[in-house]
Amino acid sequence: TSDWDERMLEIYGIEDRPGNRNADGWYDLIHPDDRERAIATILENAGRGHTFSNAFRIIRPDGKVRHIRARVAPFRLESGEMRILGANWDSTNDVVIQHELAEANRLAEARNRELEAAKAHIEHSALHDFLTDLPNRRYLDTELQERAEACISGFDGMAILHLDLDRFKQINDTMGHLAGDHMLRHTARVLREAIAPGDFV
């Protein structure tokens, strides 16, 4: 048997009427997904005489789902009979706030990832040719400056090879710009596959 006060009955949505303070069958109010774990926690710790905490959801008679936290302290009567003294509180608002904060944090992190990806894309686009995805002239200027400074410092040498595509204008004029674009992409792929580590195209 159990003896519940008015607040406990109110939390669980149980009508406070004479003879109803023992709240028989309250286990049935525990959410089905939490029931086995919650009851196992009670039986395991109460049987050992341990003070323990518990957390579970209930489905009240009015259909509302509430989150419950409990703190329970078993004690033994002079007769040797074991009893438990417990306090329950409705933590639904705290749980809702935690869920909302977690969701807000998830959305913020997702937004940050999107911004980082957009920033990386913008930076890449600013330094690469949109057609071939090779470094553009702006990137080349920076790279030449850095490599020239390294050469002046005596750490390395540098060789520059300039390539020209013969009759490229003729390809564009006779076969169209799509053919010219295909030719540029093909050339970029060949060069990219041919270079050694540390080379710059």
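Biologist: Which residues lie nearest the centre of the largest pocket?

Modeller: The model is a predicted one. In it, the largest pocket has a volume of about 1,300 Å³. Its lining is made up of 35 residues. Those that lie nearest its centre are L140, L161, L191, F200 and V201.

Biologist: Which helix supplies the largest share of the lining of the largest pocket?

Modeller: Two helices, α4 (137-152) and α6 (177-194), each supply at least two residues of this lining. The largest share amounts to 7 residues. The helix that supplies this share is α4.

Biologist: How many residues of the lining of the largest pocket are nonpolar?

Modeller: The lining residues can be divided by character, with 6 polar and 7 charged among them. The nonpolar residues of the lining number 22.

Biologist: Why is one side of β1 and of β3 left without a neighbour in the sheet?

Modeller: The open sheet has 3 strands in the order β1-β2-β3, and their pairing is antiparallel. β1 (52-59) and β3 (82-90) stand at the edges, so one side of each is left without a neighbour, as each has a single partner strand. From one strand to the next, the twist averages 30°.

Biologist: Which residue in β3 does A73 stand opposite?

Modeller: Strand β2 (residues 65-76) runs antiparallel to β3, and 9 bridges join the two. Opposite A73, the residue in β3 is L85.

Biologist: What angle does the direction of helix α2 make with that of β1?

Modeller: Helix α2 (residues 32-48) packs on the sheet, where it touches β1, β2 and β3. The angle between the direction of α2 and that of β1 is about 150°.

Definitions and conventions
Residues numbered from 1 in each chain as written. Predicted model: local features only at pLDDT ≥ 70, side-chain atom pairs only at ≥ 80, totals over all residues. Heavy atoms only, no water. 1 Å grid on protein atoms, 1.4 Å probe; cavity = no way out; pocket = protein on both sides within 12 Å on 5 of 7 lines; lining within 4 Å. Points joined across faces, edges and corners; volume = space filled by probe spheres on them. Helix = DSSP H or I, 4+ residues; strand = E, 2+ residues; numbered from the N terminus. Nonpolar A, V, L, I, M, F, W, Y, C, P; charged D, E, K, R; others polar. Pairing = 2+ DSSP bridges. Axes fitted to C-alpha atoms, helices over the stretch in contact; angles between N-to-C directions. Contact = heavy atoms within 4.5 Å.
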